[in-house]
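This report looks at the empty spaces inside a protein model, at the surroundings of its ligand and at its aromatic rings. Please have the sequence and the structure at hand while reading.

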Amino acid sequence: MKVTEHISRAKSTLFSLEILPPLKGQDISSIFNAIEPLMEFKPAFIDVTYHREEYIYKKRENGLLEKVATRKRPGTVGICAAIMNKFQVDAVPHMICGGFTKEETENALIDLNFLGVDNILALRGDAIKSEGMFVPEENGNKYASDLIKQVQDMNKGKYLHDDVENAAPSNFCIGVAAYPEKHFEAPNLKTDLKYLKMKIDLGAEYAVTQMFFDNQKYFDFVDLCRKEGINIPIIPGLKPITSKKQLNILPSIFHIDIPEELVERVNKCSTPEQVKEEGINWCIKQSLELKKKGVPVLHYYSMGKSDVIKKIASAVF
Ligand code: FAD
């Protein structure tokens, strides 16, 4: 079922989560074990992230270094099918532009369509770790909006080459990313919103936000979106702090602020367990306020830590 159908049928705020594919070499049981304890909260859907290639340097026999592209967490299509099969819950694959030609994207979309996956989160993806700027593949999509156009073409039965006769249209529901604290490359929030609006005009039906730790930022963002004519559901994405080092890592990776009060609380903790407790309590507080305001879904970035998400979900749902 489409994410938007889940939302329109729901009588109260839904629960959903995001998982990462296992590291290369691990089997599917690590994913099943992470999801199993959360099934009692009836997730409406489960997002599966996509991790593009990185470059590593391998020493050859002659002593020279060879630059090799490798993916640490390969897979999305198979994991989505496995999740849907095991738990009868909708899986939402994240599809990115980076590293894919349009042809490869089409092939992945065809597989997802055959498997009965109804949803896609359409993203641009980031630059390769060792490169400063995002560079699209030759004949690949440059922005999430280009990827949306490609998915929407398939939804109309239009494939890349015009020689497909009587093509069956797909029926993907497309979600996109949104940034209450602005995408880090955007010159300002208004410009960023212009492109968010473009994604919606092209066919995106809902958005999921980057994590935030101050609900006011989300409320202000939603208000601004509505003023700009963006009327789709905007699903808040939440992540609990679980270690002291995340106070610096999260802002540097995700370009978000962490409120002073939360920083002080975490810094006062003398054990890792206390830090986790503070992070969980903060996330519960955020969740309860958002739920009270009637957000459609609370979407948790689980990062494989189902014990933490379980404690939060138990207090909220
Ligand atoms: P876009 O919407 O393409 O925007 C990128 C930048 O370009 C923005 O600054 C925007 O303002 C600007 N822009 C957009 N369109 C245009 C245009 N037509 N012309 C000029 N400028 C434009 N990354 C992964 O690699 N894998 C994942 O699984 C993943 N999941 C995510 C899930 C969520 C909920 C979020 C919020 C992010 C996720 N990301 C993921 C990170 C995301 O890929 C990065 O933030 C990326 O830098 C931008 O992706 P986007 O889809 O927002 O890009």
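The second largest cavity has a volume of about 30 Å³, where a cavity is a set of points on a 1 Å grid over the protein atoms alone at which a 1.4 Å probe fits but cannot get out, with lining residues having an atom within 4 Å of a point. Grid points are joined across faces, edges and corners, and a volume is the space filled by probe spheres set on the points. The model is a predicted one, in which local features need pLDDT of at least 70 and side-chain atom pairs count only at pLDDT 80 or more, whereas totals for chains, interfaces and linings use all residues. Residues are numbered from 1 along each chain as its sequence is written, and side-chain values use heavy atoms, with hydrogens and water left out.

Helix α10 (residues 272-292) gives the largest share of the lining of this second largest cavity, namely four residues; helices (H or I, at least four residues) and strands (E, at least two) are DSSP runs, numbered from the N terminus. A search of the whole structure finds two cavities of 30 Å³ or more, and the largest has a volume of about 40 Å³. Lys 239 and Pro 240 are among the residues that line the largest cavity, and Lys 239 and Pro 240 are also among those lining the second largest.

The table divides the residues by kind, with Ala, Val, Leu, Ile, Met, Phe, Trp, Tyr, Cys and Pro counted as nonpolar, Asp, Glu, Lys and Arg as charged, and the others, Gly among them, as polar.

| Residue set | Nonpolar | Polar | Charged |
|---|---|---|---|
| Lining of the largest cavity | five residues | two residues | two residues |
| Lining of the second largest cavity | six residues | two residues | one residue |
| Shell around the ligand | 13 residues | six residues | five residues |

Of the 24 residues around the ligand, Tyr 50, Asp 126, Tyr 179, Asp 192 and Lys 199 come nearest, a residue being near if one of its heavy atoms lies within 4 Å. Among the polar contacts (pairs of N or O atoms within 3.5 Å), a polar backbone atom of Tyr 50 lies 2.7 Å from a nitrogen atom of the ligand, and one of Arg 124 lies 2.9 Å from an oxygen atom of the ligand. The protein buries 87% of the 980 Å² that the ligand exposes when taken alone, by the Shrake-Rupley method with a 1.4 Å probe. Helix α6 contributes the largest share of the shell, four residues.

The structure also holds seven aromatic pairs, meaning rings of Phe, Tyr and Trp (its six-membered ring) whose centres lie within 6.5 Å, with planes under 30 degrees apart counted as stacked, over 60 as edge-to-face and the rest as tilted. One of them is the tilted pair of Phe 15 and Tyr 300, at 5.8 Å centre to centre and 40° between the planes. Phe 15 lies in strand β1 (residues 14-19) and Tyr 300 in strand β11 (residues 297-301), so this pair ties together parts that are 285 residues apart in sequence.

Note on methods. Polar contact = N/O pair within 3.5 Å; in protein donor to acceptor, adjacent residues only side chain to side chain. 1 Å grid on protein atoms, 1.4 Å probe; cavity = no way out; pocket = protein on both sides within 12 Å on 5 of 7 lines; lining within 4 Å.
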